[in-house]
Amino acid sequence: MNLFEDTPTLLDNLSTAILLFDTEKRLHSINTAGEDLLSTSKRAVCGQMIDELFIEFPLLEAMTECLESGQPFTERDTELQIGVDQTIIVDCAITPLSGSIKSKGVVFECINVDRNRRITREEDIMARHQATSVLIRGMAHEIKNPLGGLRGAAQLLERELETDELKEYTGIIISEADRLRKLIDRILGPSDAPILRKINIHEVLEHIRTLVDAETSDQIAFTRDYDPSLPDMMADVDQLIQALLNIVRNAVQSVDEQGSITLKTRAERQFMINNQRHKLVVRIDVIDNGPGIPEELRETIFYPMVTGRAEGTGLGLSIAQTLIHRHNGFIDFESSPDQTTFTAWLPLETENK
Ligand SMILES: Nc1ncnc2c1ncn2[C@@H]1O[C@H](COP(=O)(O)OP(=O)(O)OP(=O)(O)O)[C@@H](O)[C@H]1O
Ligand SMILES: [Mg+2]
């Protein structure tokens, strides 16, 4: 069989997993997306029988029939068990080899539907995030100018006042105006475009861990699960620290300064973010064992001013999402009552936005 030998680059650049089996249902070839799907390497799996590859392969009969009858077969929303506790939902097709290819066998194509669902969810989150951000930033701008005028007028008035008792009132106007100004500046966020420099993501995470450690008591157990093979990346280090710090601080607050937080990094290949496919993406997980995100916040958590904390401003995640988006990345979360994971994906080849 020389299907893969002829077109390896093309097949390895597809986001569809392609597995080529011979008539015995032994894996002959697999493309990069297939390796990613099975979290394995070509070398490790080529030559294995199909029941060695998958713990449960629900389409075994269909494959046998396809080999015998030569009829192609397609199935949607099939559950594939690819690890002891990992199943994925895929759309797949089994097609007999034909045409100019002399050898016999079948091509098993499969698309990770979970991934497509994630993309739909990402588009949804980003569209809503951008709409609410535009609205709230517009309002913040409108408040900022008259606020400056109010503060200035209070200062002028203060100079004319003779008694300290009256100056107390202008003092209140000035300090409240300053408080509001700080909030507005946070809403508007850093306006500068990211200044990209070569950075090491683990150094950034270690810096954040040290910062948070210094802010809190010693009761938080930090676990580090880093992928040391990750290459350096281009990013604005200050903006990246701010974004990830907001996430880590939330995790700390959720475990109420007691509990455990895991900082994890992994590489993902052929990964779609913001409608762009990236060859290599860094995945940063911040996992806490707090009580989880309240149900009523889940839909709107990335909106500005959405908070579940009495003293919260609800800007942390919205700012983090904006900053990561400027690096062509994206943040999402998964949450259950005893575990919450916030994930930031960042492409390794970032361009200014
Ligand atoms: N890891 C987490 N576990 C549980 N709930 C979380 C977690 N992260 C965020 N939340 C919830 O999401 C809300 C919004 O978070 P966000 O960081 O945007 O605002 P905030 O923390 O309330 O205020 P700010 O960050 O501006 O000080 C939080 O108030 C909290 O209720
Ligand atoms: Mg926060």
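This report covers the overall form of a predicted model and the surroundings of its ligand 1.

**The chain**

The secondary structure of the protein chain comes to 11 helices and 12 strands. How far does the radius of gyration of the chain agree with that of a compact globule, and what are the two values? For 353 residues, a compact globule would have a radius near 20 Å. The protein chain has 27 Å. Along the principal axes, its C-alpha atoms fill a box of roughly 100 × 40 × 40 Å.

**The ligand site**

Ligand 1 takes up the space of the second largest pocket. Around ligand 1 stand 21 residues. The closest are Asn250, Asp288, Thr307, Gly308 and Thr313. By type, the shell divides into 8 nonpolar, 10 polar and 3 charged residues.

Which elements supply at least two residues each to this shell? They are helix H10 (237–254), helix H11 (316–326) and strand S12 (339–347). Helix H10 gives the most, with 3 residues.

**Polar contacts**

Three residues place a polar atom by an oxygen atom of ligand 1. The table lists these pairs.

| Residue | Polar atom from | Distance to an oxygen atom of ligand 1 |
|---|---|---|
| Threonine 313 | side chain | 2.5 Å |
| Glycine 316 | backbone | 3.1 Å |
| Leucine 317 | backbone | 2.9 Å |

How much of ligand 1 does the protein cover? On its own, ligand 1 has 600 Å² of accessible area, and the protein covers 91% of that.

Threonine 313 thus appears twice: it is among the closest residues, and its side chain supplies one of the polar atoms in the table.

Notes. Residues numbered from 1 in each chain as written. Chains lettered and ligands numbered in written order. Predicted model: local features only at pLDDT ≥ 70, side-chain atom pairs only at ≥ 80, totals over all residues. Heavy atoms only, no water. Near = heavy atom within 4 Å. Polar contact = N/O pair within 3.5 Å; in protein donor to acceptor, adjacent residues only side chain to side chain. Areas by Shrake-Rupley, 256 points an atom, 1.4 Å probe, with all protein chains shown as cover. 1 Å grid on protein atoms, 1.4 Å probe; cavity = no way out; pocket = protein on both sides within 12 Å on 5 of 7 lines; lining within 4 Å. Sits in = over half its atoms within 2 Å of the grid points. Helix = DSSP H or I, 4+ residues; strand = E, 2+ residues; numbered from the N terminus. Nonpolar A, V, L, I, M, F, W, Y, C, P; charged D, E, K, R; others polar. Rg over C-alpha atoms; globule rule 2.2 N^0.38 Å.
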